[in-house]
Every structure is written in C-alpha cells, then in structure tokens.
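Reader: I should like to learn how to read the features of a structural model in a methodical way. May we proceed feature by feature, with the general idea before the particular case?

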Amino acid sequence: MTTDISEQQVRERLASYEDTKVTDELYSFGQTLLHDAVERLNKSDSKAGAMAGYAGGVVALLASTAKMWAGNEHSWHILLPMVATALLFLAAVVAVLSLRLKKTDWLSPDEWMKKECLESGERLRRYHILTMWGVHESLDVAYQKKTAAIRKAEFLMLAAWLLLAVSLFDIARRYAAL
C-alpha cells in the first residue's frame, strides 16, 4: 500500500501556515479520521467473525448430513459438495486468521506531552496532528491487510456456494428426469 503523503510532506504542510484556526480544523478532522479508522477495523472484525461463523456452521451442517447425501451418490458429482465443504472450511480459517490482533502505532504518553513542544500550545497541537497522521497510517495498513483476508474468505465462500448450487441443480435435474 502506498501512502497519500509522506511524513515529511505532513511536516512541511504543518509549517506552511500561520493561522491557528487551520490547526484547529486539522486537529478536529484528524480526530474524526482516527475515530473512523478504528470503527472500520471494528466493523471488519465483525464481518470476519460473522463469515467464520456462517462458513463453520455450513461445514458442520454438510458434515453432519454427509451420510445422507454422500451415501446415495455413486458418481463423480460427490466431489462437488466435498470440495465445497473444504472451501467453506478454508474460508472460515481465513476469516478467523483475519481476526488476529495486528500491531498498530498509537499515541504514546511521550507524544501527548512532547517535551520539545510544551513551550507553545500551537506547536503542541501541530505535533499532535503529526502523530495522529502516523496513527492513521498505521491503522490504515492494518485495515488493508484485514480486508484483503476477508476478500479471500468471500471468494472461497462464493466458490463453495457455486459448487453447491451446481450439485443441487444436478440432483434436481436427475430427479426431474425420473
């Protein structure tokens, strides 16, 4: 992932103006961005958890009924639900792995009360904006990794459902022919 702007560019922009109202606006907007970044991570965790539970539940259902659907089938078509079950299991594993805690940067007590910035409220606020930018970048990287894993789980679930649909339509076609 590439960042939109570098830390050096942030520093240059923070040094490029005099109006304290600009600092106030940047600070306020930075707080909004941090709140949004944390919420996106939380929502992606919720989605991954739901996907893992759903895929795991379908795997349990297919496994518990395997005697019924596998015992009556004597052709290569039995592979479709078996592969679908394996894909759903893999999707559940990928979704659970995306729930692992990711190391991210956060605001430290030193950044909160940066000694070099305590002589001026304006300088301290500008420094806080810089640290908020760093935290936002870190959270965004974690979010990108998490959503990439969720996309893989979604793809695996879709592939499994396509295989199950083909299997269902094949069974329906054969019973309709009877």
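Reader: Does Arg40 count as buried, partly exposed or exposed, and at what relative accessibility?

Author: Please bear in mind that this is a predicted model. Burial is read from relative accessible area: under 20% is buried, over 50% is exposed, and values in between are partly exposed. Arg40 has a relative accessibility of 22%, so it counts as partly exposed.

Reader: With which residue does the side chain of Arg40 meet in a salt bridge?

Author: The general idea comes first. Side chains of opposite charge can pair when their charged atoms come close. In this structure the partner of Arg40 is Asp36, with 3.4 Å from N to O. Asp36 is itself partly exposed, because its relative accessibility is 37%.

Reader: How are Arg40 and Asp36 placed in helix α2?

Author: Helix α2 covers residues 20–64, and the two residues are 4 apart in it, so about one helical turn separates them.

Reader: How many salt bridges does a search of the whole structure find?

Author: The search finds 11 salt bridges. Another of interest is formed by Lys146 and Asp45, whose closest N and O atoms are 2.6 Å apart. This pair links distant parts of the chain, since Lys146 belongs to helix α6 and Asp45 to helix α2, with their positions 101 residues apart.

Reader: Which of these terms, buried or partly exposed, applies to Lys146, and which to Asp45?

Author: Lys146 has a relative accessible area of 4%, so it is buried. Asp45 has a value of 26% and is therefore partly exposed.

Reader: What is the N to O distance in the salt bridge of Glu116 and Lys114?

Author: The distance is 3.9 Å, and the cut-off for a salt bridge is 4 Å. Glu116 is partly exposed, because its relative accessible area is 46%.

Reader: Which residues are joined into one network by salt bridges that share partners?

Author: Asp36, Arg40 and Asp140 form one such network.

Reader: Let us turn to polar contacts. Which residue is joined to Asp170 by a polar contact between side chains?

Author: A polar contact is read from the distance between N or O atoms, with a limit of 3.5 Å. The side chain of Asp170 makes such a contact with that of Arg173, at 2.6 Å. Asp170 is located in helix α6, which runs through residues 121–177. Its relative accessible area is 9%, so Asp170 is buried.

Reader: Where is Glu119 placed, and is it buried or exposed?

Author: Glu119 sits in the loop between α5 (109–112) and α6. With a relative accessible area of 57%, it is exposed. A polar contact of 2.4 Å joins its side chain to that of Arg123.

Reader: How far apart are Glu119 and His77 in sequence and in space?

Author: Sequence separation and spatial separation are two readings of one pair. For Glu119 and His77, they are 42 residues and 75 Å, taken from C-alpha to C-alpha. For Lys152 and Thr104, the corresponding values are 48 residues and 22 Å. Lys152 is a residue of helix α6, and it counts as exposed because its relative accessibility is 54%. A further pair is Ala48 and Lys115, with their positions 67 residues apart along the chain and 41 Å between their C-alpha atoms. Ala48 belongs to helix α2 and counts as buried, because its relative accessibility is 0%.

Reader: Which residues make the nonpolar surface patch of about 350 Å²?

Author: A surface patch is read as a group of accessible residues. Here the group consists of Phe89, Leu90, Val93 and Leu97. Leu97 lies in helix α4, residues 79–98, and its relative accessibility of 42% places it among the partly exposed residues.

Reader: Finally, how much space lies in the second largest pocket?

Author: A pocket is read by its volume and its lining. The second largest pocket holds about 260 Å³ of space. It has 13 lining residues, of which Trp69, Pro81, Leu164, Ser167 and Ile171 are the closest to its centre. The elements giving two or more residues to this lining are α4 and α6. The largest share, 6 residues, is that of α6.

How values were computed
Residues are numbered from 1 along each chain as its sequence is written. This is a predicted model: local features need pLDDT of at least 70, side-chain atom pairs count only at pLDDT 80 or more; totals for chains, interfaces and linings use all residues. Side-chain values use heavy atoms; hydrogens and water are left out. Buried means under 20% relative accessible area, exposed over 50%, partly exposed in between (1.4 Å probe, protein chains only). A polar contact is a pair of N or O atoms within 3.5 Å; within protein, one must be able to donate a hydrogen and the other to accept it, and residues adjacent in sequence count only if both atoms are side-chain atoms. Patches are made of residues with over 30% relative accessible area and no salt bridge: like charges are joined within 9 Å, nonpolar side chains (Val, Leu, Ile, Met, Phe, Trp, Tyr) within 5 Å. Accessible areas come from the Shrake-Rupley method with a 1.4 Å probe; for residues, only the protein chains shown count as cover. On a 1 Å grid over the protein atoms alone, a cavity is a set of points where a 1.4 Å probe fits but cannot get out, and a pocket is an open set with protein on both sides within 12 Å along at least five of seven lines; lining residues have an atom within 4 Å of a point. Grid points are joined across faces, edges and corners, and a volume is the space filled by probe spheres set on the points.
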